[in-house]
Amino acid sequence: MSGLAWILTALLGLAVFGTVAAVKIVKTMKEAGELLIVLSDALSDRKVTPDEIKAIRNDIRDVMDVWKKTPEGYDPPEA
């Protein structure tokens, strides 16, 4: 019976990990879509203004922030 418990625990762990990964992938796609819209708007007139560069830079950070560790995920400091 304990073998079945281990299998169920492993399946539950995989389901949780898969759900978290799927949510991050969906958020990445959303942010990447917003980045493409900003890029398209900036390049439509073949001139990129400083404000458009700032918007592009911010959207690139948004895409990268999806995969950035949260403070809770950092390793504890060594004493």
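This is a short talk on one chain, its helices, its core, its charged residues and its surface.

Good morning. A word of caution before we start: this is a predicted model. Let's begin with the overall layout.

The chain has 79 residues. Its secondary structure amounts to two helices and zero strands. Helix H1 covers residues 2–43. Helix H2 covers 50–65. Buried residues account for 13% of the chain. The exposed area is about 6,800 Å², and 69% of that comes from carbon and sulfur atoms.

Now the core. Which residues make up the largest nonpolar core? There are five: Leu35, Val38, Ala42, Ile56 and Val63. Both helices take part, with H1 and H2 each giving at least two residues. H1 has the largest share of this core, at three residues.

Take leucine 35 from that set. Setting aside residues up to four places away in sequence, leucine 35 touches Ile56, Asp59, Ile60 and Val63. Two names on that contact list, Ile56 and Val63, are core members as well.

Next, threonine 28. This residue sits in helix H1. Is threonine 28 buried or exposed? It counts as buried, because its relative accessibility is 18% and the cut-off for buried is under 20%. What does threonine 28 touch, leaving out residues up to four places away in sequence? The list is Val63, Val66 and Trp67. Look also at methionine 64. Threonine 28 and methionine 64 are 36 residues apart in sequence, yet their C-alpha atoms are 8.0 Å apart in space.

On to charges. How many salt bridges does a search of the whole structure find? Two. Lysine 30 is a partner in the first one I'll show, with glutamate 31, where the closest N and O atoms are 3.6 Å apart. Lysine 30 also meets glutamate 34, at 3.1 Å from N to O. Lysine 30 and glutamate 34 are both in helix H1. They are four residues apart, which is about one turn of the helix. Through shared partners, the salt bridges join Lys30, Glu31 and Glu34 into one network.

How covered are these three? Glutamate 31 is buried, with a relative accessible area of 14%. Lysine 30 is partly exposed, because its relative accessibility is 48% and exposed would need over 50%. Glutamate 34 is partly exposed too, at 31%.

Now a charged residue without a salt bridge: glutamate 52. This one lies in helix H2. Glutamate 52 is buried, yet has no salt bridge. Where is the nearest side chain of opposite charge? That is lysine 47, and it is 10 Å away. A salt bridge has to fall within 4 Å, so that distance does not qualify. Even so, lysine 47 is on the contact list of glutamate 52. Asp41 and Ala42 are the other contacts, with neighbours within four places in sequence left aside. We met Ala42 earlier, as part of the largest nonpolar core.

Last, the surface. Leu4, Ile7, Leu8, Leu11 and Leu14 form a nonpolar patch there. Together they have about 510 Å² of accessible area. Leucine 11, one of the patch residues, lies in helix H1.

To recap. Two helices, zero strands. A five-residue core, supplied by both H1 and H2. One salt-bridge network of Lys30, Glu31 and Glu34. A buried glutamate 52 with no salt bridge. And a nonpolar patch on the surface. Thank you.

Terms used. Residues numbered from 1 in each chain as written. Predicted model: local features only at pLDDT ≥ 70, side-chain atom pairs only at ≥ 80, totals over all residues. Heavy atoms only, no water. Patch = residues over 30% accessible without salt bridge, like charges linked within 9 Å, V, L, I, M, F, W, Y side chains within 5 Å. Areas by Shrake-Rupley, 256 points an atom, 1.4 Å probe, with all protein chains shown as cover. Core = buried A, V, L, I, M, F, W, Y, C linked by side-chain atoms within 4.5 Å. Buried < 20%, exposed > 50% of the residue type's maximum accessible area, 1.4 Å probe, protein only. Contact = heavy atoms within 4.5 Å. Lys, Arg positive; Asp, Glu negative; His and termini not counted.
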